[in-house]
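I open this entry with the model in view and list what I looked up, beginning with the cores and ending with the cysteines.

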Amino acid sequence: VWAQPGGPLIVADTGNHRVLIWHDLPTADATPPDIVLGQNTFTSDERNRGAGLSANSLYVPTGVLFWQGRLLVADAWNHRVLVWPFAVGSMRQTTDFALGQATLDAGELNRGGSPRADTFYWPYGLASDGARLYVADSNNRRVLVWNAMPDACGQPADLVLGQAEFAQGEENAGGAPTAASMRWPHSIASDGARLLVADAGNNRVLLWNEVPRTSKQPADMVLGQNDFAAVSDNQGYRLGAATLRFPYAVALWNEQIVVADTGNSRLMLWDDCAGLRNGALADGVFGQADFLQNGENRWKLAGRDTLCWPYGLSSCAGVLAIADSGNNRVLLWYASGGGDD
């Protein structure tokens, strides 16, 4: 999910193999979208449009990003990131180019070989810090970084995090978990100064105090665990204010770190980004009555104060968008005015 004040709102409707676009940010429940990408109509839902891989087909789309006049979509099971031009005005509009593949009709994982700087194996999350592009290449257990907006099909990344080199793709770089390894990176957030990665498979969020400038740079801090060697969900089933279970998304919103603690059906909020230490206690929780609860929809009917497996987050200015996947909906929070929550 991706949103900004005034619009657009862009949602990866993963199970329907499509991306929905609202030109204006909705201010009322159940507002219909304006555009669908990846399908011929709003009522079709076949993977790759039911006709095979092409320049405008999708197969399990996940991350979306609107940046520098382009729409980027992580087309996860086609192992590519599609790039659309600025004004997506037609449901049949084709992409400009793709990252991760040499052509727009190719879709093999790692291009049929081993990981490289120009391949993906299930890319899920996308982010930008205003200058660089980040892609969570989840099943290659790494984050790829482009130092500027790519402009050509198959353009290789400039940096890799989570692995010692581009040719590696093993869990935790083939060893024990460290500050420089990842197991299932899924979401990325950056404000241009810091970088955060939701490493869902290790039940943690990694934080770099400064945006990495070199490959394989280790993180400075971890949330969800007391140290970089620990990876148990809820720190060994001890649910609390410092624990995480499959955190699939992270965002920076109004100086807060917000984490979609997916397996606990809650959002965790840390207020003092600058003063955090490893394993810091969260300052707030949304979706549950307190830090000791983790029921899906609080074990009741879905409401405006409940969550069921929140999977994606997007923040921009006063807007926080939450992909509440288990409830098949997107929730919008407004920091001050601009619509109903």
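My notes on packing, one sheet and the cysteines follow.

I am working from a predicted model, in which local features need pLDDT of at least 70 and side-chain atom pairs count only at pLDDT 80 or more, while totals for chains, interfaces and linings use all residues. Residues are numbered from 1 along each chain as its sequence is written, and side-chain values use heavy atoms, with hydrogens and water left out.

**Cores.** I looked up the nonpolar cores, meaning sets of buried Ala, Val, Leu, Ile, Met, Phe, Trp, Tyr and Cys residues joined through side-chain atoms within 4.5 Å, where buried is under 20% relative accessible area, exposed over 50% and partly exposed in between (1.4 Å probe, protein chains only). The largest has 32 residues, and Ile10, Val19, Leu71, Leu72, Leu133 and Trp146 have the most contacts inside it. Apart from it lies another core of 20 residues, including Leu196 and Met268.

**Sheet.** I then turned to an open sheet of three strands (DSSP E runs of at least two residues, numbered from the N terminus; two strands pair if DSSP finds at least two bridges between them), which has the order E21-E22-E23 and antiparallel pairing. Strands E21 (310–316) and E23 (329–334) are at the edges with a single partner strand each, so one side of each has no neighbour in the sheet. Between E21 and E22 (residues 319–324) I noted six bridges, and serine 314 has alanine 321 of E22 as its bridge partner.

**Cysteines.** I found zero disulfides, taking a disulfide as a pair of cysteine sulfur atoms within 2.5 Å. Cysteine 153 counts as partly exposed at 32% relative accessibility, and cysteine 316 counts as partly exposed at 25%.

Conventions. Helices (H or I, at least four residues) and strands (E, at least two) are DSSP runs, numbered from the N terminus.
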